Amino acid sequence: MEEENIHFEAGASFYNPHMRLCRSISSLAVGAIENEIEVCDGFSSTGIRGIRYAKENPNVSRTAFVEFDESAAELCRKNIESNSVPGELFGEEFNHHMMDRSYNLVELDPFGSPVPHSYFAMRSFRRMKEGYISATATDTAVLCGAHYAACQKYYHSRPLHNELCHEAGARILLKHFANLASEFDFGIVPLFTLSHRHFFKVFIRLEKGADKAAQNEKETGFINFCGKCGWREGSQMPKEKCPKCKSEIEYGGPLWLGKLHSKEHIRRMKKLNEKRDYADKAEIGKLLSLMEREDDFPPYFFDVHRSCKRFGLHNPKPIEEIIAALKKKKYSAARTHFSPTGIKTNAPASALKRLIASK
Ligand SMILES: C[S@@+](CC[C@H](N)C(=O)[O-])C[C@H]1O[C@@H](n2cnc3c(N)ncnc32)[C@H](O)[C@@H]1O
Ligand SMILES: [Zn+2]
């Protein structure tokens, strides 16, 4: 098998080719870190993720691969050797492994939610001043509100099950890491946050300091959403009634209201992407450009089709025309990576209503 010029043995069911983009964009984020780092590829399977991080990025000095399934571990061992990656394989349970180890970057890529392992990942940084956590969550249905009770149980947050569900889901995942980070006196700086197909990816820098940890709490709150008139707002406390039409509010949270990306890091990732020949290069370039811009706005967006339906309007204008019309009215507006039909803007729903549809 081959992925981005890496030859490896994939076995019968240990390799998911649909996660190639996730591995590639994460590898860019690893390469954009300016220090030399030791990496723990926590849920290695074939090892393709850790092997790619190591081979594509000169700043990765050593990699530990952790995999508890015997046959996957065997494949991983062969792949580490055949690719001459400096590091070793630990055929053991991740949480157990992390009890007395530390790395600069910990990769969490289990099946489903990273929650059962995030505490041990975070704890492993306790004696360090900074570190990085890269986590994938494939429990999108939970974070997007299709399984409301599961989200409460795992993430202690109310999900939003509407047009904002992907952004809210990513922000709930970040809030989870922010809470854990605070317990160990770290502030979090999300370097990039991605919602793509069936997964969420968060890539976070941890920075030690009581003040930074306290800041996590200040960046946490709720997204309030009125399904009737389209009003929405981020706030520290949830609201009950829509201030515009007095309908009942659907709110999601607690969730992360702060920045989703570091512009500086995204720019470095873009430069690296330009130099690399990834199969998903064009798609990644587009995603990174959307991310660079979308963070200048409030923590929500407007979906053009849902908004039109809500306003009782037909024939929405093309999205670029709506953005241009908003700008003409002196609002800022941009597309978002969270939805191909989404617009990030500082304009209120009422302003959007006036210019969203063709006459
Ligand atoms: C989603 S796959 C990892 C995919 C891999 N990172 C990649 O990019 O191809 C999850 C892997 O983690 C392993 N795993 C699950 N729970 C684990 C645990 N608690 N400790 C160690 N390995 C675990 C599974 O056996 C499986 O191979
Ligand atoms: Zn309302």
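What follows is a conversation between a trainee and a mentor about this predicted model.

Mentor: Residues count from 1 along each chain as its sequence is written, while chains are lettered from A and ligands numbered from 1 in the order in which they are written. The model is predicted, and local features need pLDDT of at least 70, side-chain atom pairs count only at pLDDT 80 or more, and totals for chains, interfaces and linings use all residues.

Trainee: Okay, exposure to begin with. Why is asparagine 95 called partly exposed?

Mentor: Count C-beta atoms, placed from the backbone: 20 or more others within 10 Å of a residue's own make it buried, 12 or fewer make it exposed, and anything in between is partly exposed. Asparagine 95 has 16 such neighbours inside 10 Å, so it gets the in-between label. The residue lies in helix α4 (residues 94-97); helices here are DSSP runs of H or I with at least four residues, strands are runs of E with at least two, and both are numbered from the N terminus.

Trainee: And which residues does asparagine 95 touch?

Mentor: His117 and Phe120, leaving out residues up to four places away in sequence. Touching, or being in contact, means that two C-beta atoms placed from the backbone lie within 7 Å. Glycine 42 is 53 residues from asparagine 95 in sequence, with 9.2 Å between their C-alpha atoms.

Trainee: What makes asparagine 5 and its phi worth a remark?

Mentor: Its phi is near 70 degrees, a positive value in a residue other than glycine. Asparagine 5 sits in the loop between β1 (2-3) and β2 (6-7). With 11 other C-beta atoms within 10 Å, asparagine 5 is exposed.

Trainee: How do you know whether lysine 246 is buried or exposed?

Mentor: Same kind of count: 10 C-beta neighbours inside 10 Å, so lysine 246 is exposed. Lysine 246 isn't a glycine either, yet has a positive phi of about 65 degrees, and its place is the loop between β11 and β12.

Trainee: What makes strand β10 mostly covered?

Mentor: Six of the six residues in β10 (residues 220-225) are buried.

Trainee: How do you know that β10 pairs with β12?

Mentor: Pairing takes at least two DSSP bridges between two strands. There are five from β10 to β12 (residues 250-256), running antiparallel, and asparagine 224 has tyrosine 251 as its partner in β12. β11 (residues 232-235) also qualifies, with four bridges to β10, again antiparallel; there, phenylalanine 222 faces serine 235. β10 and β11 make a hairpin with six residues between them, and glycine 230 in that turn has a positive phi of about 90 degrees.

Trainee: Why is the peptide bond from glycine 253 to proline 254 called cis?

Mentor: Its omega is near 0 degrees. Proline 254 is part of strand β12.

Trainee: What makes β13 and β14 edge strands?

Mentor: They belong to an open sheet of three strands, ordered β13-β15-β14 with antiparallel pairing. β13 (302-303) and β14 (333-336) each have a single partner strand, so one side of each has no neighbour in the sheet. β14 joins β15 (residues 339-345) through four bridges, and arginine 335 stands opposite isoleucine 343 in β15.

Trainee: Now the core. Why are its residues called a nonpolar core?

Mentor: The term means buried Ala, Val, Leu, Ile, Met, Phe, Trp, Tyr and Cys residues joined through C-beta atoms within 7 Å. The largest one has 105 residues, and Ala29, Ile133, Phe177, Ala181, Ile204 and Ile223 touch the most other members. Helix α8 (residues 165-183) gives the largest share, 10 residues. Domain 1 (2-294) and domain 2 (302-355) each give at least three residues to this core; the bounds come from an automatic or database domain assignment.

Trainee: How do you know that domain 1 and domain 2 are in contact?

Mentor: By the contact count: 12 residues of domain 1 are in contact with 12 of domain 2. On the domain 1 side, α8 and α11 (281-294) are the elements that give two or more residues, with the largest share, five residues, from α11. The domain centres, taken over C-alpha atoms, are 29 Å apart.
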